[in-house]
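Me: Please take a close look at one part of this structure. I would like the strands and how they fit together, then a short look beyond them.

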Amino acid sequence: MNIRGQGQGPPPVPVAAAGMMDGIGVPVAPNPISRKKGTGVRAWLLLDSSGQKQVVEAGKHAIMRRTGLPARDLRILDPLLSYPSTVLGRERAIVINLEHIKAIITAHEVLLLNSRDPSVTPFVEELHSRILRHHQVQGAAAAAAASDDFKLSKVYDSEEGQSREGQDEDEDTDPVGEQVKAQSKQNGIQNGDGMKILPFEFVALEACLEAACSVLENEAKTLEQEAHPALDKLTSKISTLNLERVRQIKSRLVAITGRVQKVRDELEHLLDDDDDMAEMYLTDKLQQLHSSSASSINDDDVDNDHHNQLDVDDSIPPEISLEEGGAAASDDDHQHDDDRLLVGVSRDSRASTTYSTTTKHLDVEELEMLLEAYFVQIDGTLNKLSTLREYVDDTEDYINIMLDDKQNHLLQMGVMLTTATLVVSAFVVVAGIFGMNIHIELFDSNITGNGEFFWTVGGSAAGTIFLYVVAIAWCKYKRLLE
């Protein structure tokens, strides 16, 4: 026997535990970083505003840093979780989860999660072609805007050249120049036909909405084409096979209706909330942020010049001010102090409202028209499914009516058979009475002969038939039978 004593070494280390020791036999804890390496990293298809495509391997935290989205928004795009159709507008991105499309749209690029799915491949091609067309139209519009801006500035320089000679050199702003810049900026977002060009995020959003609505509409159309023949065949012949086909069609109808209803509710929610639509103007928010930063820098320069002017005014000797009037000098000092206080308050207010003003005062009519177009389309699909659902319900009601009618016929047949059994039982009673082993003159053949026997049997049968006819007539009179 192998008995371990007190002086012997420790028990043998298992193979799994032995692999976690270093060279001198000290246990080493497993490295969680090496164990989690590669988890959460997925392949994203990146399409930028110029139409270039590339597949990037990125984790959740990298996508969060790139798009500014929180983790709960990225969880909506997780393919392992089942989330309903959702469209979310955030500060720097739009999250799209519509049917098979899972994407993140920013002001300059689109990130697709399941780009290798065969059902997403047509959408990727359509989105790429739209982005290329948008890039070409935007480039042509920018070139036309630059040409118009050059012409306007040339005309402005020729007309206002003489009037500028008598102005000071430090004058920076001019209303005519601002009008030229505003005109050039407005022309920069229009094409050659004068139509306004959609921002990049709206082009991608429109492609996503069109793909999702088209898929749901095609599925509804296919289901409708399969449902009508199956329902017509069921009404003509009620069988187990036809009932099973209709049951499968109804299950598909319920599933598609739920998906369409969710997309419709999401679009309706966006149309009802102007703030959510304003969050989707990523390009405008980015331009407002840049313009706010530029205006804050210009305001800081003006404030510095103002401070320098105040310092120069403060450097005037007090005796000079007193010569001109002590009351005026005192008022100027109070005015300078008030100016310094207002400058400090304006700086703090600009710093605190830079991001809050980017999402306000935006005209959401453009996005509202875009969403309304697809809301009408998805609402039409929902109405088509509702009509099909009513047709299925009507067919079910018709089948139930037919089954009830057959059941009524069976019940009537049962009543007739039960009545026949009752009257035949009366004849059986007569036969049982005469079958008793008793001696009467009717059984004596020497006296009565065989005539009485036949009269008895015939009379009993005739009485039975008469009773049956009377019972059926009474049932029909009472409307128990048709």
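Reply: What follows starts with the whole chain, moves to the sheet, and ends with the other sites.

This is a predicted model. The protein has 15 helices and six strands. Of its 482 residues, 26% are buried. Its accessible surface comes to about 31,200 Å². Carbon and sulfur atoms account for 57% of that surface. Among contacts with a separation of 6 or more, 68% join residues 24 or more positions apart.

Now the sheet. Six strands form an open sheet. Their order is 2-1-6-5-4-3, and the pairing is antiparallel. Strand 2 (53-58) and strand 3 (86-89) stand at the edges. Each has a single partner strand, so one side of each is left without a neighbour in the sheet. From one strand to the next, the twist averages 20°.

Helix 3, residues 60-67, packs on this sheet. The helix touches strand 1 (42-48), strand 2, strand 5 (101-105) and strand 6 (109-112). The direction of helix 3 makes about 160° with that of strand 6.

Next, the pairings, beginning from the edge at strand 3. Strand 3 pairs with strand 4, residues 94-98, over four bridges. The sense is antiparallel. Within this pair, V87 stands opposite I96 of strand 4.

Strand 4 also pairs with strand 5, again in the antiparallel sense, here over five bridges. I96 stands opposite A103 in strand 5. So I96 serves as a reference point on both sides: V87 is its opposite number in one pairing, and A103 in the other. Strands 4 and 5 form a hairpin with two residues between them. In the turn, E99 has a positive phi of about 55°.

Strand 5 pairs with strand 6 over three bridges, in the antiparallel sense. I104 of strand 5 stands opposite L111 of strand 6. A hairpin joins these two strands through three residues.

Strand 5 deserves a slower look. Five of its five residues are buried, so strand 5 is largely enclosed by the rest of the structure. I101, A103 and I105 point one way from the strand. K102 and I104 point the other way. All of these residues are buried, K102 included. A103, which faces I96 across the pairing with strand 4, points the same way as I101 and I105. I104, which faces L111 across the pairing with strand 6, points the other way, along with K102.

Two sites outside the sheet complete the picture. The first is a nonpolar surface patch of about 450 Å². V429, I433, F434, M436 and I438 make this patch. I438 lies in the loop between helix 13 (365-434) and helix 14 (445-448). I438 is partly exposed, with a relative accessible area of 43%.

The second site is E372, also in helix 13. E372 is partly exposed, with a relative accessible area of 37%. Its C-alpha atom is separated by 7.5 Å from that of L271. Along the chain, E372 and L271 are 101 residues apart.

Definitions and conventions. Residues numbered from 1 in each chain as written. Predicted model: local features only at pLDDT ≥ 70, side-chain atom pairs only at ≥ 80, totals over all residues. Heavy atoms only, no water. Patch = residues over 30% accessible without salt bridge, like charges linked within 9 Å, V, L, I, M, F, W, Y side chains within 5 Å. Areas by Shrake-Rupley, 256 points an atom, 1.4 Å probe, with all protein chains shown as cover. Salt bridge = Lys/Arg side-chain N within 4 Å of Asp/Glu carboxyl O. Buried < 20%, exposed > 50% of the residue type's maximum accessible area, 1.4 Å probe, protein only. Pairing = 2+ DSSP bridges. Axes fitted to C-alpha atoms, helices over the stretch in contact; angles between N-to-C directions. Contact = heavy atoms within 4.5 Å.
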